[in-house]
Amino acid sequence: MKYTSRYGLRLGVLRFLVFGLLLALFGQLWYLQIVGGETYRRAAVENHVRDVVVPADRGRILDDQGRALVANRTVLRITVDRIALSRQRDHGTAVLHRLAGLLRVSYADVQHRITLCGKGVPQPCWNGSPFQPIPVSEQADPMVALQINEQSESYPGVSAEVATSRSYPRPSQALAAHVLGYVAPISEGELSTLSTEQQDIRRNDVVGRAGLETSYNGLLSGRDGIRRVAVDAVGGVTATVSETPAVSGDDLLTSLDAKVQAVLERALGLGLARARSFGQPAKTAAGVVLDAQTGHVVAMASYPAYNPEIFIGGISAADYRAVTSRKAGVPLLNRAIQGEYAPGSSFKPISVSAVVKEGTANFHDTYSCPSGVTIGNRVFHNFESTSLGQINMHTVLVKSCDTVFYQFANHDWFADQRRIKNGQPPIEAVQNMARAYGLGQDTGIDLPSESGGLIEDRASKLARWKTYLRRNACAGAKRRPASDPIHQLDVENCTDGWRFRDADQANENIGQGTVLVTPLQLAAAYASLVNGGTVYSPRIGAVVRAPNGRIVRRIASPVRGHVPISARLRADIVSALYDVPRAGTAAGAFGGFPLDTVHVGGKTGTAQSGLDTKYDTSWFASFAGLPGKPAKYVAVVTIPQAGQGARAAAPAVRAIWEGIFGVGQAPAAKPSQTSGRRP
Amino acid sequence: MTTLADSLVALRGRSSMRERLRMRDTVVRRFDFLLLGSSLTLCALGAVLVWSATRGPAAISGTSPTEYLHRDALNIGIGVMLGAVTMVLGGPRLRRWTPGVYLLACALLLLVLGPLGATVNGSHSWIILGGGFQLQPAEVAKLALVLSLALVLGEWRATPEGPGTPEVLLVLGLAAVPIGLVLLQPDLGTVMVLVFTVIGVLMVSGASRRWVVALLLVGVLGSIGVVQLNVLKDYQLQRFTAFLHPGTDPRGFGYNATQAKITVASGGLLGVGLGHGAQTSGRFVPEQHTDFIFTVAGEELGFLGCSVILALLGLVLWRGLRIAARSPDPYGALVAAGVVCWFAFQTFQNIGMTVGLMPITGLPLPFLSYGGSAMFANLVAIGLLESVAIGTPRRVR
């Protein structure tokens with residue numbers, strides 16, 4: 001038993017060590033579970049709870065008859081996960097090559113689509129979050145999708161899923177691409193303005209990037225739902241913890257009429273064809289049809305157009321180049337609200353309003369219409385230097401005599417100069433009247449990125465000269481040799497470019513030179529002639545309707561102002577304009593048109609578009625309606641580099657009226673406007 | 001009529017009867033019921049935890065939710081029988097067979113390195129027996145080493161003044177063979193258990209303090225040194241690095257450490273309740289029914305449940321130490337001490353790695369982890385302890 005005491009001592013040491021180890025474990029457990037429990041519990045929850053976003057259906061965009069212009073459809077979306085690719089040995093090159101082959105696109109195209117946008121990265125690139133799967137195709141063939149899902153080991157990081165995307169049913173072949181706009185994934189910049197929680201939820205959102213999709217994005221997009229799910233270690237869903245259902249976006253019922261829209265789009269093509277048949281280059285065009293009485297837009301088109309479907313699932317490099325190509329006329333531009341053009345003679349009703357209201361002229365007096373008038377040291381001529389003798393204002397408008405307006409300009413300009421000399425402010429009657437008609441400023445239409453145009457006066461010219469005219473002119477004067485014709489102009493503008501000269505006023509009175517308007521501005525101005533003088537801020541949206549059919553909001557066109565002329569004068573002007581298609585400048589274009597059944601008035605415009613081209617901008621601003629009633633619609637067509645208004649734009653407008661009222665072979669796009677009988 | 005005196009006599013007589021009864025020394029009375037009870041309770045708790053860890057719908061290899069529970073119960077049953085056989089065979093026969101067991105263990109360890117072995121989780125430590133049965137020779141090696149050490153130090157070379165340098169060297173030589181073979185698999189956890197068992201048994205046997213301290217130093221520094229000297233394979237190094245910096249690689253090797261810690265800690269005081277652990281049902285902890293079984297207890301049973309498990313393990317170790325202290329011969333004492341060292345270090349290493357005290361190594365938690373070989377070895381070890389216990393005459397205070 002000798003060993004026992006020795007062992008006893010050593011066993012005591014062992015017991016001490018063993019229970020020491022157990023105590024250490026106990027202590028650490030206490031520290032983890034009791035002291036730090038809360039922190040780890042939170043980590044555990046983060047571990048196994050995921051928020052899954054249930055995207056809301058985007059609202060549709062409908063025309064005034066309930067025909068869908070933009071709807072949704074179910075598509076097969078192929079996405080690429082950049083993170084998964086970056087983990088592969090070759091950073092996914094092989095997978096992308098295989099995928100490109102499967103989708104029958106080039107490797108470079110797929111590569112471009114998943115490249116993150118940034119400085120110096122050409123479009124198309126990925127504007128969204130680098131952490132979300134990037135769509136490379138939304139129109140995948142079901143067989144392709146099946147192949148990707150079944151051979152997932154050949155396509156790591158690639159997935160195919162069912163998704164919804166925008167569709168464009170094109171009722172009556174109406175495209176209206178510029179008006180409708182398109183959607184694209186939310187950008188990192190837009191995300192960064194949101195709260196962190198919202199960022200996670202909205203990472204996969206699409207937002208309107210143009211047109212109505214942008215203006216009404218908030219109403220159309222609805223509210224995404226959130227499904228909180230429990231997941232296991234490999235991300236498999238084991239249970240749904242809670243769910244906030246998605247709320248579908250509201251439908252937007254517009255005042256657009258698909259049939260009229262189609263008529264307008266065809267009419268622009270017709271106008272372009274006409275212009276080209278006269279040897280004009282005519283590559284672009286714009287047109288708008290307004291309901292003159294309500295200020296709502298019935299149709300709006302811009303040429304060249306584009307197919308909005310190219311934006312579905314991310315636009316390809318080639319498509320993006322095509323829709324932004326200057327050579328192709330930048331199809332993305334909506335020229336009806338973004339194109340600024342000198343209106344030419346279509347501006348004359350505004351000039352007449354000004355000079356009659358100001359007392360410079362009387363509508364029923366006669367004025368001489370010589371072939372030319374000397375202003376400053378230059379002679380300003382009539383179109384083709386015609387002389388019409390003594391004529392009244394009615395004839396001035398019908399025949400579009402320029403020299404009468406030059407004389408008014410001279411008179412007004414000298415009167416204003418005298419006022420300035422006497423320390424009084426200038427009146428600038430034509431400019432003020434133009435602004436009263438809503439020209440030279442945004443109409444405030446429910447579309448993004450509208451252009452304002454320009455109505456030049458003494459103050460604005462001085463401001464322009466100060467900000468950039470002087471700098472450019474002075475630099476040009478130094479750079480160009482004295483022999484260059486522009487050299488002389490630069491020298492003059494360098495020192496005197498701020499002066500608003502008599503010639504400037506003369507040009508202004510006939511809508512030339514520094515007057516710039518958009519087709520929509522002119523249409524809204526003409527609408528005021530036939531609706532009692534109200535200048536509307538036009539609207540395309542008419543009714544916002546919830547998915548359950550409840551009317552959320554009715555949209556009326558806000559009134560921007562009233563043109564301060566007498567009803568008498570307005571009636572005189574309108575009556576003159578009704579004679580333009582009968583006996584005036586548009587008589588040729590409207591030859592054979594049943595003007596007795598459909599009353600059409602309007603004014604042609606032929607505007608010189610500056611130094612860079614010898615081709616004129618062709619305008620026709622028109623209103624029409626049934627006899628005995630105020631005109632219902634206003635239509636304006638603008639075709640740059642197309643020559644005279646009477647030869648390109650007027651025939652296009654005629655085609656619009658034919659389409660709307662059902663003249664000739666065309667069935668009426670607006671049957672209610674035909675008073676029951678076919679003319 | 002009984003008198004007061006009669007009653008007193010009767011009372012005295014009865015009390016002496018009771019005294020005699022108390023003094024009676026039988027096998028049944030020598031048997032340590034507390035040891036058996038606590039170890040079987042641990043086994044039962046383990047089975048429940050294994051069930052909780054494997055009952056999910058995404059159960060490994062599509063088995064039924066109770067598949068692992070059934071297999072664990074079967075393992076326990078077989079283990080109890082093996083333990084009983086071990087206890088009945090008892091001292092003399094086991095002593096005779098010890099060299100054979102040692103050689104068998106070494107042979108199996110050699111075999112596992114050959115083409116018969118299978119690699120699981122980076123270690124070449126399984127022999128596939130076919131029919132779904134696998135054998136882990138490292139578990140046999142633990143038993144063989146405990147028996148061999150006791151035989152050498154407690155009988156063959158037992159000296160009144162404790163083992164001298166030649167005995168220590170002999171023991172180290174004997175231990176070096178299985179340890180070296182396990183290191184080749186490589187199974188670092190088992191190597192550490194074997195090393196610390198050898199040191200513990202040498203200490204209890206009365207080896208000089210210098211030897212014990214020197215060996216302890218070698219053991220601790222060796223573990224660190226192995227890492228530093230890059231002797232370990234890549235995966236083991238990563239496990240160690242992950243232990244030191246768990247945040248650096250949340251999905252790699254640090255993932256185990258982080259998830260294990262989160263799972264244990266999220267249980268709090270009372271746990272989330274059996275079968276309600278989101279971490280457990282979500283399978284965030286790999287190897288949860290085997291090496292990481294303690295995390296299930298941590299999450300679902302909380303600090304209280306973990307304390308009960310620690311207490312039961314402490315009870316087993318305490319009974320083991322008690323048996324060692326009471327053993328009439330050094331052999332029995334060393335067998336018991338060896339088992340205690342083995343269980344103690346393996347428990348510390350296993351739970352320690354789930355709570356972030358120790359690096360991650362592949363070691364089962366005695367009695368609780370799922371796994372046949374380990375379960376058999378553990379219950380055979382209990383059988384060994386009981387055989388020592390029933391070989392010990394009852395002592396009455």
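Colleague: Which residues of helix 17 of chain A are buried?

Modeller: The model is a predicted one. A residue counts as buried when 20 or more other C-beta atoms lie within 10 Å of its own. In helix 17 of chain A, the residues that meet this criterion are Thr403(A), Val404(A), Phe405(A), Tyr406(A), Gln407(A), Phe408(A), Ala409(A), Asn410(A), Asp412(A), Trp413(A) and Asp416(A).

Colleague: What span should helix 17 of chain A have, and how far apart are its end C-alpha atoms?

Modeller: Helix 17 of chain A comprises 19 residues, 403-421. The expected span is 1.5 Å times one less than the number of residues. The helix should therefore span 27 Å, and this agrees with the distance between its end C-alpha atoms, which is 27 Å.

Colleague: Which residue with a positive phi follows helix 17 of chain A?

Modeller: The phi in question is near 80°. The residue that follows the helix with this value is Gly423(A).

Colleague: Which helix of chain B gives the most residues to the side that touches chain A?

Modeller: In all, 43 residues of chain B are in contact with 37 residues of chain A. The elements of chain B that give two or more residues to this side are helix 7, helix 10, helix 11, helix 12 and helix 13. With eleven residues, the one that gives the most is helix 12 of chain B.

Colleague: How many residues of each class does the side of chain B that touches chain A have?

Modeller: Gly is counted among the polar residues in this classification. By class, this side of chain B has two charged, 15 polar and 26 nonpolar residues.

Key
Residues numbered from 1 in each chain as written. Chains lettered and ligands numbered in written order. Predicted model: local features only at pLDDT ≥ 70, side-chain atom pairs only at ≥ 80, totals over all residues. Helix = DSSP H or I, 4+ residues; strand = E, 2+ residues; numbered from the N terminus. Buried ≥ 20, exposed ≤ 12 C-beta atoms within 10 Å, placed from the backbone. Contact = placed C-beta atoms within 7 Å.
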